[in-house]
Amino acid sequence: MPHLDSALLTAFVERWQPDTNTFHMPFGEMSILIHDVHYILRLPVDGALLRYDSPQPEALKADMCGLIRVGDLEGAVGGKWSTIWYMNGGMHGEGALFRAGELQIKEVEVQCYLFLLLGSTLFVDKSRDRIRPAVNLYLKKYHDVAGYAWGVGTLAYLYRQLGVASRAGGKGVCGYLTLLQAWIYEYFPDFRPNRVQQHSPADPRASLWVCSRLKGRDDAKERLVRYRSILDGMSADDVTWTPYGGHAGVEVMRSLYNGVIRFADVAEGYDPSRCLRQYGYRQAIPRPMMIPDDHFRPASAKDYNVTWFPGYDQFWTMWESNRWAFDAFFTPCERPSDVDEGFMDWYRAHSHPLITSPSVTRQIPRELVSCFTL
């Protein structure tokens with residue numbers, strides 16, 4: 001997409017640690033949190049988890065048959081469904097919408113429109129024009145659509161895609177990358193483009209930035225080297241730790257949840273205590289990280305697998321019993337970048353916070369990084 005800075009996104013993907021679902025920066029961990037999704041996208045984060053009963057591929061395919069009112073995807077449209085509108089487990093979104101227009105059934109049109117909208121924005125994969133049929137599981141009763149925590153599902157899916165992309169064999173990254181790029185702008189002033197002149201507090205903050213088409217995509221590798229160097233040279237004082245004000249955990253209480261978040265068959269751990277400074281608290285040495293029931297994260301991205309048993313979903317339902325009470329455990333910051341004594345020693349012993357070799361100069365003028373038409 002022309003508004004996305006692939007070099008900037010790559011510089012952050014390189015720092016993603018899927019064991020903790022955090023970016024490992026020179027000064028500690030940071031992450032995209034539930035309150036970030038709320039403010040940046042204005043998607044609902046309070047509602048039912050996008051749970052999944054693991055239907056088999058054939059069941060999902062039959063579900064799509066029911067959606068567009070055909071008896072058999074293989075036999076529809078002269079036997080070409082499997083190669084034109086349904087292929088490799090994915091549905092052609094615009095094809096479904098076109099079929100809905102032919103049927104002229106209001107409920108089908110609404111469901112197909114939402115299927116295309118959500119599948120081509122929040123839950124993008126690498127199939128270009130194909131959409132995962134699992135999206136349709138939550139659209140069958142379109143009056144219930146607003147009751148789901150779509151923002152939390154978006155975050156879980158992005159966590160997974162960042163993990164896959166962080167592998168040595170990763171060739172790209174999926175998920176809602178507008179969320180990632182807008183998150184970078186919120187917390188890292190050095191990378192911000194111009195702001196729009198008028199913006200309502202109720203609007204998604206993703207619309208706050210004037211992201212013009214990038215100049216010269218051929219220099220992406222050169223920009224990536226610059227971004228790496230700037231990030232390696234950053235300190236905690238270069239970060240805007242609470243861009244929405246110091247009460248994110250009060251205004252968006254679901255952000256304090258501690259447990260597993262999910263979209264369909266994608267489940268990921270979520271622990272905000274690793275990023276206390278993003279809530280206005282001194283960063284303490286975190287407790288041991290959450291361990292999935294099964295996980296395999298090899299260099300090959302295609303073999304990547306993380307599994308959490310469905311029983312963890314009940315933590316979200318009982319979220320008030322599974323959330324952090326930061327005031328009881330942690331100390332508010334005097335400065336936004338404050339950490340507890342001994343934290344940085346612990347962090348350096350458990351992380352690799354620098355990307356660039358220490359032998360490479362990191363003193364690159366930050367004005368050279370700008371790649372937007374300002």
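Author: In this predicted model, contact means that heavy atoms lie within 4.5 Å. By that criterion threonine 20 touches Glu29, Arg274 and Met289, leaving out residues up to four places away in sequence.

Reader: Where is threonine 20 placed, and why is it called buried?

Author: Threonine 20 belongs to the loop between strand E1 (16–17) and strand E2 (22–25). A residue counts as buried under 20% relative accessible area. The value for threonine 20 is 13%, so the residue is buried.

Reader: What makes the approach of threonine 20 and threonine 22 a polar contact?

Author: The limit for such a pair of N or O atoms is 3.5 Å. The side chains of threonine 20 and threonine 22 are joined at 2.6 Å.

Reader: How do you know that the span of helix H3 agrees with its number of residues?

Author: The expected span is 1.5 Å times one less than the number of residues. For the twelve residues of H3 (residues 57–68) this gives 16 Å, and the end C-alpha atoms are 17 Å apart, which agrees. Within H3, the buried residues include Leu60, Met64 and Ile68. Just after H3, arginine 69 has a positive phi of about 60 degrees.

Reader: How many aromatic pairs are there, and how is the pair of tyrosine 257 and tyrosine 270 classed?

Author: The count is 36 aromatic pairs. Pairing requires ring centres within 6.5 Å, and planes under 30 degrees apart count as stacked. For tyrosine 257 and tyrosine 270 the centres are 6.4 Å apart and the planes at 15 degrees, so this pair is stacked. Tyrosine 257 lies in the loop between helix H11 (248–251) and strand E7 (259–263), and tyrosine 270, 13 residues away, in strand E8 (residues 266–270). Both tyrosines are buried.

Reader: Why is the pair of tryptophan 324 and phenylalanine 330 called tilted?

Author: Stacked means under 30 degrees, edge-to-face over 60, and the rest are tilted. Here the planes stand at 50 degrees with the centres 5.5 Å apart, so the pair is tilted. Tryptophan 324 and phenylalanine 330 are both buried.

Reader: What makes arginine 254 a charge over the ring of tryptophan 316?

Author: The distance limit is 6 Å from the ring centre, with a further limit of 35 degrees from the ring normal. The charged end of arginine 254 sits over the ring of tryptophan 316, 4.3 Å from its centre.

Reader: Which residues touch the most other members of the largest nonpolar core?

Author: Among its 98 residues, these are Phe12, Trp183, Phe188 and Phe191. Helix H8 (residues 150–165) supplies the largest share of this core, nine residues.

Note on methods
Residues numbered from 1 in each chain as written. Predicted model: local features only at pLDDT ≥ 70, side-chain atom pairs only at ≥ 80, totals over all residues. Heavy atoms only, no water. Helix = DSSP H or I, 4+ residues; strand = E, 2+ residues; numbered from the N terminus. Buried < 20%, exposed > 50% of the residue type's maximum accessible area, 1.4 Å probe, protein only. Phe/Tyr/Trp six-rings, centres within 6.5 Å; stacked < 30°, edge-to-face > 60°. Core = buried A, V, L, I, M, F, W, Y, C linked by side-chain atoms within 4.5 Å. Polar contact = N/O pair within 3.5 Å; in protein donor to acceptor, adjacent residues only side chain to side chain.
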